[in-house]
Amino acid sequence: MNKELFTHQGASQYTERKEFEIEGVTSMRVNQFKNKHFRYRHVIFADVFCGSGKNTINAEYIVDGSPLRLLSGFFRAKMNKILPYSFSFWFSDIRHSACAALERRIEERFEIPAPAFPMEASSAINSLGDMLSAKPEAFLFLILDPNGPKDFPKYETQDLLSSFPGRIDVIPYISATTINRCLNARNKAGRDFKGWLGEIENFDEGFVAALSGGNRFGWIRKPIPGDRQRWTMIPTFGCFEPRNSWEKQGYVKLNSNEGKEVVKFYCGETNNEQ
Ligand SMILES: C[S@@+](CC[C@H](N)C(=O)[O-])C[C@H]1O[C@@H](n2cnc3c(N)ncnc32)[C@H](O)[C@@H]1O
């Protein structure tokens, strides 16, 4: 049976904020990479859960999805100038129909051909890893926006980060409630998946540690009061610490004590929304 039947785009009242943040982070990084000390000569901008490019919020209004936001942020920062690095885009999603729709939207809006590949996110991550291996001059800017933990390429991303910690930005958007609910179900089924987000029993291991390990820089968005899905964004960067107004935007450093408390909250260990 076609797996596409069981996947969906999903949207909530927080989706618009997510899309806004993805565009902002992309634009900020495209600008930072213009710095003469940025030593990578090629940047791959990738979104491996790209969807169709369109989100309908509460059946009411439509907002651009992450791939369109990524492209808008990119072109806003590029400002018709020639960048000191070459670039390419990678879009993929398990749904063939979403990929086809996205290709049409990109063509209409940006007048560039940008293929969207129908494929599993885990395979996409592996292919991107192959590209980084083959091209030592390449840097990867990666957006991860899964529906839930089932298809989240956690181990592939961790492997990628441990192979190329200084050459990757990762922007994951996660509903911790969904993840924890699934984890509990799996734990009850006798499998050991506890502490998905950070293996918080030991902050030095696991996904959060991979995001912020080595010389990487990372932030995590603090809880939004009343958000039962516990959505969060965890932007982490391989080089060039972004001097953004993170605090004003509700973020804390991932490796700070406050950041660790926030991770605990998202892992369901505390109820303190701060
Ligand atoms: C939350 S939506 C992302 C939407 C998009 N990023 C946006 O902002 O508009 C998650 C997407 O993941 C796709 N998906 C689900 N399982 C997948 C998998 N194993 N590999 C790749 N994509 C998957 C779904 O088809 C869906 O489009």
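What share of the 274 residues of the protein chain counts as buried? In this predicted model, 41% of the 274 residues count as buried, where a residue is buried if 20 or more other C-beta atoms lie within 10 Å of its own, exposed if 12 or fewer, and partly exposed in between, with C-beta atoms placed from the backbone. Because the model is predicted, local features need pLDDT of at least 70 and side-chain atom pairs count only at pLDDT 80 or more, while totals for chains, interfaces and linings use all residues. Residues are numbered from 1 along each chain as its sequence is written.

The protein chain has eight helices and 11 strands; helices (H or I, at least four residues) and strands (E, at least two) are DSSP runs, numbered from the N terminus. Among contacts between residues at least 6 apart in sequence, 74% join residues at least 24 apart, two residues being in contact if their C-beta atoms, placed from the backbone, lie within 7 Å.

**Helices α1 and α2**

The axes of helix α1 (residues 15-32) and helix α2 (residues 66-78) come within 7 Å and cross at roughly 35 degrees, the axes being lines fitted to C-alpha atoms, for helices over the stretch in contact, with angles that run from 0 to 180 degrees between N-to-C directions. The residues of this contact divide into five nonpolar, seven polar and five charged; here Ala, Val, Leu, Ile, Met, Phe, Trp, Tyr, Cys and Pro count as nonpolar, Asp, Glu, Lys and Arg as charged, and the others, Gly among them, as polar.

Ser66 has its place in helix α2 and counts as buried because it has 26 C-beta neighbours inside 10 Å. Leaving aside residues up to four places away in sequence, Ser66 touches Glu19, Ile22, Asp47, Cys50, Gly51, Ile143 and Asp145.

**Around the ligand**

The ligand is surrounded by 20 residues, of which the closest are Phe49, Gly51, Gly65, Ser66 and Asp151; a residue is near a molecule if its C-beta atom, placed from the backbone, lies within 6 Å of it. This shell divides into six nonpolar, eight polar and six charged residues.

**Helix α5**

In helix α5 (residues 154-163), the buried residues are Lys154, Thr157, Leu160 and Leu161. They cover an arc of only 130 degrees around the axis, which puts them on the same side of α5, the arc being that of the directions from the helix axis to the C-beta atoms. An α-helix has 3.6 residues a turn, so residues three or four places apart point the same way. The buried residues of α5 pack against α4 (121-134), β6 (138-144), β7 (168-175) and α7 (207-212), whereas Tyr155, Ser162 and Ser163 are exposed on the other side of α5.

**Loops and a helix residue**

Two residues other than glycine have a positive phi, as the table shows.

| Residue | Phi | Place | C-beta atoms within 10 Å |
|---|---|---|---|
| Met79 | near 50 degrees | loop between α2 and β4 (86-93) | 9 others, exposed |
| Phe240 | near 55 degrees | loop between β10 (236-237) and β11 (251-253) | 14 others, partly exposed |

Arg104 is found in helix α3 (residues 96-110) and counts as partly exposed, with 13 C-beta neighbours inside 10 Å. Arg104 and Ala114 lie 10 residues apart in sequence, and their C-alpha atoms are 9.3 Å apart in space.
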